[in-house]
Amino acid sequence: MDHPCLRCGACCAFYRVAFHWSEAEAFLGGCVPPELTEKLDPHRLAMRGTNAAQIRCVALQGVVGEAAHCGIYPQRPSVCREVQPSWEFGAVSPQCDKARLAHGLPVLTPGDWLDPSDAGLPPLPQSA
Ligand code: SF4
Ligand code: SF4
């Protein structure tokens with residue numbers, strides 16, 4: 001099963017991605033590439049492209065709603081790590097739903113996390 005986020009990317013083209021400046025300072029343990037950020041205020045940076053009228057993070061690769069992924073996935077800011085796709089861990093994610101709806105995509109459902117190869121298999125027997 002492909003991860004649903006790899007067919008989406010909506011949240012990376014909907015929210016302003018702001019975070020503390022230290023996340024882009026290597027000497028403080030930060031890993032976000034500084035050249036992909038812009039100063040937002042004395043305390044915060046934003047991912048370039050997300051503080052704009054037409055929001056799209058500079059690190060987003062691909063086409064929203066078709067095939068998209070983060071080009072700096074291991075180095076993405078903390079706020080990106082906090083966004084959960086709806087139902088991946090058994091609950092709705094309002095951030096995910098709002099971004100998908102804004103891009104004309106249906107919200108994820110529990111069915112989006114089923115492996116098609118499991119369809120139709122009988123349930124495991126219960127132990128006594
Ligand atoms: S978290 Fe939701 S909105 Fe963001 S890429 Fe994944 S499915 Fe799309
Ligand atoms: S850094 Fe990556 S995960 Fe975060 S908004 Fe940009 S493309 Fe999306």
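Strand β1 pairs with strand β3 (residues 44-47) through 3 bridges, and the two run antiparallel. That pairing is a handy way into this predicted model, which also holds two ligands in the space of its largest pocket. Here is a short tour, starting with the strands and ending with the ligands.

**The three-stranded sheet**

- β1 and β3 belong to an open sheet of 3 strands, arranged in the order β1-β3-β2 with antiparallel pairing.
- β1 (18-20) and β2 (37-39) are the edge strands; each has a single partner, so one side of each is left without a neighbour in the sheet.
- On average, neighbouring strands of this sheet are turned by 40° against each other, ignoring direction.
- If you would like a landmark for the β1 and β3 pairing, look for Ala-18, which stands opposite Ala-46 in β3.

**The β4 and β5 hairpin**

- Strand β4 (residues 60-63) is joined to β5 by 4 bridges, and this pair runs antiparallel.
- Across the pair, Leu-60 stands opposite Cys-70 in β5.
- The hairpin has 3 residues between its strands, and Gly-65 takes a positive phi near 85°.
- Both Leu-60 and Cys-70 are also among the residues that surround ligand 2.

**The largest pocket**

- The largest pocket holds about 820 Å³ of space.
- Its lining counts 37 residues, and the closest to the pocket centre are Cys-11, Cys-12, Arg-76, Cys-80 and Val-83.
- Three elements, β5 (67-70), α1 (78-82) and α2 (94-102), each supply at least two residues of the lining.
- Sorted by class, the lining has 26 nonpolar, 5 polar and 6 charged residues.

**Ligand 1**

- Ligand 1 takes space in the largest pocket.
- Around ligand 1 you will find Cys-5, Cys-8, Gly-9, Ala-10, Cys-11, Val-83, Pro-85, Cys-96, Arg-100 and Leu-108.
- By class, this shell has 8 nonpolar, 1 polar and 1 charged residues.
- Cys-11 and Val-83 from this shell are also listed among the lining residues closest to the pocket centre.

**Ligand 2**

- The space taken by ligand 2 is the largest pocket too.
- The residues surrounding ligand 2 are Cys-12, Val-17, Met-47, Cys-57, Ala-59, Leu-60, Cys-70, Ile-72, Pro-77 and Cys-80.
- The shell around ligand 2 has 10 nonpolar residues, with no polar and no charged ones.
- Cys-12 and Cys-80 of this shell also appear among the lining residues closest to the pocket centre.

How values were computed:
Residues numbered from 1 in each chain as written. Chains lettered and ligands numbered in written order. Predicted model: local features only at pLDDT ≥ 70, side-chain atom pairs only at ≥ 80, totals over all residues. Heavy atoms only, no water. Near = heavy atom within 4 Å. 1 Å grid on protein atoms, 1.4 Å probe; cavity = no way out; pocket = protein on both sides within 12 Å on 5 of 7 lines; lining within 4 Å. Sits in = over half its atoms within 2 Å of the grid points. Nonpolar A, V, L, I, M, F, W, Y, C, P; charged D, E, K, R; others polar. Points joined across faces, edges and corners; volume = space filled by probe spheres on them. Pairing = 2+ DSSP bridges. Axes fitted to C-alpha atoms, helices over the stretch in contact; angles between N-to-C directions.
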